[in-house]
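Let's go through this one the way you might at the bench, asking of each label what earns it. Here is the chain to look at.

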Amino acid sequence: MIELLTLSDSVRHILAVVCAVFYLSAFGCCFIRGAKLRKISSLLWGVGTAVNALIVISNWAVNGYVPFVSMYQVLTFLGVTYSLAFVYVRYRFKGDFMKPYFMLFQGVIMVGVFFMGRTASAWTFPPALQSAYFIPHVFSYMISYTLVAVSALMCLISFFLKGENKLRHEKAVYHLVLTGFPFMVLGMLLGALWANACWGNFWSWDLKETWSLVTVMTLSAYLHLRRAVPFRKYTKVLVIVAFIFEIITLFFVGMFDSSSIHTYS
């Protein structure tokens with residue numbers, strides 16, 4: 001059974017393209033009127049998620065561990081995380097109208113996975129990562145990054161909306177950040193406990209740790225200032241800024257400091 005799941009690099013490469021096509025096609029169908037097209041969009045999204053999950057399972061089988069180590073593995077799993085997060089958002093906040101935003105990010109992510117190369121899935125599992133904190137730490141950040149990314153895009157779109165639709169987007173942004181923020185804090189806490197277990201200190205001001213802290217502080221400012229009526233209309237900018245910090249944290253640490261213990265390849 002395991003041998004059947006260890007797909008070749010070329011097959012996973014092709015599946016990444018297939019996955020991106022399904023996600024982006026589902027996204028496009030959301031903007032065409034008609035009940036049938038909405039059903040087709042959901043079908044395409046479901047198939048895309050299934051293909052995405054197959055890539056994740058294959059990465060797991062090839063490497064022999066939960067595929068959270070390399071950037072290729074993280075991005076591939078992020079695609080599935082968007083689907084999981086949306087299922088919760090849809091039923092918790094009646095947020096079916098948010099589906100296109102989740103689909104768009106999934107499509108963009110899988111396009112990025114395709115351009116990472118055919119041999120990016122295989123990765124040696126370093127001893128420092130072999131900890132009970134590893135999976136919950138990374139997964140907590142995945143959930144928070146997913147929700148913050150969608151909320152930032154919705155913030156940007158809300159600047160061009162008016163009336164009830166604008167208010168609906170702003171309310172949704174608040175709920176997304178409110179849901180994702182505890183996971184980001186939890187991820188940071190687990191990371192600190194993990195660092196103490198491995199290196200004997202909770203915080204070392206590593207570049208990724210610093211940017212993570214800045215992101216948390218920015219979202220915290222949004223959640224606090226949103227309660228102050230005079231500042232509420234300006235707080236959406238903080239969500240967009242937090243997303244920019246999130247991108248820096250996830251992708252650009254290696255460019256700034258190749259010696260970072262958090263650098264992915």
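Q: What makes a stretch count as a helix here?
A: A helix is a DSSP run of H or I at least four residues long, while a strand is a run of E with at least two, and the numbering starts from the N terminus. In this predicted model, the chain reads α-α-α-α-α-α-α-α-α-α along the sequence. That's ten helices and zero strands.

Q: Why is Met71 called buried?
A: Buried means under 20% relative accessible area. Met71 comes in at 8%, so it counts as buried. Its place is in helix H4. Across space, the C-alpha of Met71 is 8.8 Å from that of Leu250, though the two are 179 residues apart in sequence.

Q: What makes Leu54 partly exposed?
A: The partly exposed band lies between the 20% and 50% cut-offs. Leu54 has 33% relative accessibility, so partly exposed is the label. Leu54 sits in helix H3, and its C-alpha is 8.7 Å from that of Leu15, 39 residues away along the chain.

Q: How do you know that H3 has the span expected of a helix?
A: Set one value against the other: H3, with 29 residues, reaches 42 Å from first C-alpha to last, close to the 42 Å expected at 1.5 Å a residue. The buried residues of H3 include Leu44, Trp45, Gly48, Val51, Asn52, Ile55 and Asn59. In general, an α-helix has 3.6 residues a turn, so residues three or four places apart point the same way. Just after H3 comes Gly64, with a positive phi of about 85°.

Q: Why is Lys94 called exposed?
A: The bar for exposed is over 50%. Lys94 has a relative accessible area of 73%, so it is exposed. You'll find Lys94 in the loop between H4 and H5. Its phi is near 50°, a positive value in a residue other than glycine.

Q: Why does Trp205 get the exposed label?
A: Against that cut-off of 50%, Trp205 has 58%, so it is exposed. Trp205 lies in the loop between H7 and H8, and its phi, near 55°, is positive in a residue other than glycine.

Q: What makes the patch with Leu189 a nonpolar surface patch?
A: Patch members need over 30% relative accessible area and no salt bridge, and nonpolar side chains are joined within 5 Å. Leu189 has 49%, so it clears that bar, while still being partly exposed. Leu189 is in helix H7, residues 163–199. Together with Phe183, Leu186, Leu193 and Phe202, Leu189 makes a patch of about 410 Å².

Q: What makes a set of residues a nonpolar core?
A: The members are buried nonpolar residues joined through side-chain atoms within 4.5 Å. The largest such core has 66 residues, and Met98, Phe102, Met110, Val150, Met154 and Leu176 touch the most other members. Helices supplying at least two residues each include H2, H3, H4, H5 and H7, but the largest share, 14 residues, comes from H6. Beyond its neighbours within four places in sequence, Val150 is in contact with Tyr82, Tyr101, Phe102, Phe105 and Leu176.

Q: How much of the chain is buried, and how much of its exposed area comes from carbon and sulfur?
A: Buried residues make up 45% of the 265 in the chain. The chain exposes about 13500 Å², with carbon and sulfur atoms supplying 71% of that.

Technical notes. Residues numbered from 1 in each chain as written. Predicted model: local features only at pLDDT ≥ 70, side-chain atom pairs only at ≥ 80, totals over all residues. Heavy atoms only, no water. Patch = residues over 30% accessible without salt bridge, like charges linked within 9 Å, V, L, I, M, F, W, Y side chains within 5 Å. Areas by Shrake-Rupley, 256 points an atom, 1.4 Å probe, with all protein chains shown as cover. Salt bridge = Lys/Arg side-chain N within 4 Å of Asp/Glu carboxyl O. Buried < 20%, exposed > 50% of the residue type's maximum accessible area, 1.4 Å probe, protein only. Contact = heavy atoms within 4.5 Å. Expected span 1.5 Å × (residues − 1).
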